[in-house]
Structures are given as C-alpha cells and as structure tokens.
Amino acid sequence: MIYRDITQEQLVSLVTQAVRDQLRLQSRRVPVGISMRHIHLSRREVDALFGRTYQLTPLRPLSQPGQFACQECLDVIGPRGVLHKVRILGPERPEAQVELAQTDCRMIGVQAPVRASGHVEGTPGVLLQGPRGVFSLPRGVIVADRHLHMSTAQAAAFGLSDGDTVRVRVEGGKPGILDGVLVRAGERYELDLHLDTDDANAFQLRQGQLVTVLE
C-alpha cells in the first residue's frame, strides 16, 4: 500500500500499529470486547417507538467497522421485570434483536436461547418501551454466543476460517478456558473477542484485556 501526503508522526503511528498487529498474530493474542445488554432495531421498530423518518443518533463507534452505540435507549419489559435504559446499537438491521446475558433474562423472566447474531427463529419476544409508547416484539431475544471477530487476512494468519470454533485461554485472577468460541471472519470485521457480561464476570475479564486463541 502506498501512502501519500502523510506526516512523519502518522507514518510512525502506522508502523507501530503494524508491528503490534504482527506480534499479536504471532502470539495468537486477541483483545476482549465485553458486550453489555443491547438492542438492534429494524426500521419498523424505529418508526413505532420514535416516529416515522426518525434517525438513530450515533454516540460513539464500536470495535467493528460501521457499528456504533446510539444515544437512544429503551426499556425492555419481560413477564417478571424491566431492564431500564438498554442501549440501542446501530445501524438499523433487517430484523430486531435483543441481546441479553443470562442474568438479565432471569431478572425479567425470559427464557432466551444461546444463539449466533441474526438467528432469531423460535426465540421469545419482549415489550420495548420508547418515547412514543410500547412495541410488542414477537421474537428476537437471545443470549449471544461467544464469538471471535477477525478479518479474512487475520483469520488466514491464525489458520482459521469463518464458522470454525476455537478454545480461548484466560489468564489472571480467575484463569480458565472458554470453549466453543465461534469464528466470524470477513472483510468487514476487526480482531475482537465478544463476550457477554456473565462470561466476563466469571473470568474477571476487563475490556481490552488480551487472551490467547488455542490451536
């Protein structure tokens, strides 16, 4: 790749990041991204909960390119309780999805299965409360599976392919092995191990902490 009109400071930064990436690949170390409860909406739910033509407001970018946390939040209402101010993530999706930890599900009385993102067939629904009222979501509540995002090039460097499952070793105060981690490889992804808050708490993991992908 040829860089033009680049300052020396920017060049040093690019080279430093490239070296760090290479060392990480050699050691099979990946950063942890702890995913708190959140909501993905389709245009249908945005219209119903915020008004027609309403556009979700980006708050901050997420680790995966093009993904962002929104300023908007909703209350998630289940048979036995309410989760207040659950963050919406953008952009809009073809179908709504509510990703909760198992602890969250128990709090509101929902029995959600462990699923890969987007696989919502046969999942329970909830009520979503927004500024324009309550929307009954018929399905879409899941406990997100453990998954490892990586670009196609990063996957090749690890000797992995999209759809593989791997084991991940955690070190620290509560060391252990995370099994059954799904690899999601593609050009739109960046290296990041996504875990929910239950997994993170069980292993005393911190945001950005490095863990090791095993053979």
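Visitor: Which residue is the bridge partner of His147 in strand 14?

Guide: In this predicted model, the bridge partner of His147 is His194. On another strand, Gly33 also stands opposite His194.

Visitor: What makes strand 11 and strand 14 a pair?

Guide: Two strands pair if DSSP finds at least two bridges between them. Strand 11 (residues 147-150) is joined to strand 14 by 3 bridges, so the two satisfy the criterion. They run antiparallel.

Visitor: Why is strand 1 called a partner of strand 14 as well?

Guide: The requirement is at least two bridges, and 4 bridges join strand 1 (residues 29-35) to strand 14; therefore these strands pair too. Their direction is parallel.

Visitor: Why is strand 14 called mostly covered?

Guide: A residue counts as buried under 20% relative accessible area. In strand 14 (residues 192-196), 5 of its 5 residues are buried, so each of them lies under that limit. Asp192, His194 and Asp196 point one way, while Leu193 and Leu195 point the other way.

Visitor: What makes a group of residues such as Val76 and Val98 a nonpolar core?

Guide: Its members must be buried residues of certain kinds, Val among them, joined through side-chain atoms within 4.5 Å. The largest such core has 26 residues, and Ile39, Val76, Val98, Val126 and Leu128 have the most contacts inside it. Strand 4 gives the most to this core, with 4 residues. A second, separate core of 22 residues includes Leu193, together with Ala155, Val166 and Phe203.

Visitor: Which residues does Val76 touch, leaving aside those up to four places away in sequence?

Guide: Among them are Ile39, Val98, Val126 and Leu128.

Definitions and conventions. Residues are numbered from 1 along each chain as its sequence is written. This is a predicted model: local features need pLDDT of at least 70, side-chain atom pairs count only at pLDDT 80 or more; totals for chains, interfaces and linings use all residues. Side-chain values use heavy atoms; hydrogens and water are left out. Buried means under 20% relative accessible area, exposed over 50%, partly exposed in between (1.4 Å probe, protein chains only). Contact means heavy atoms within 4.5 Å.
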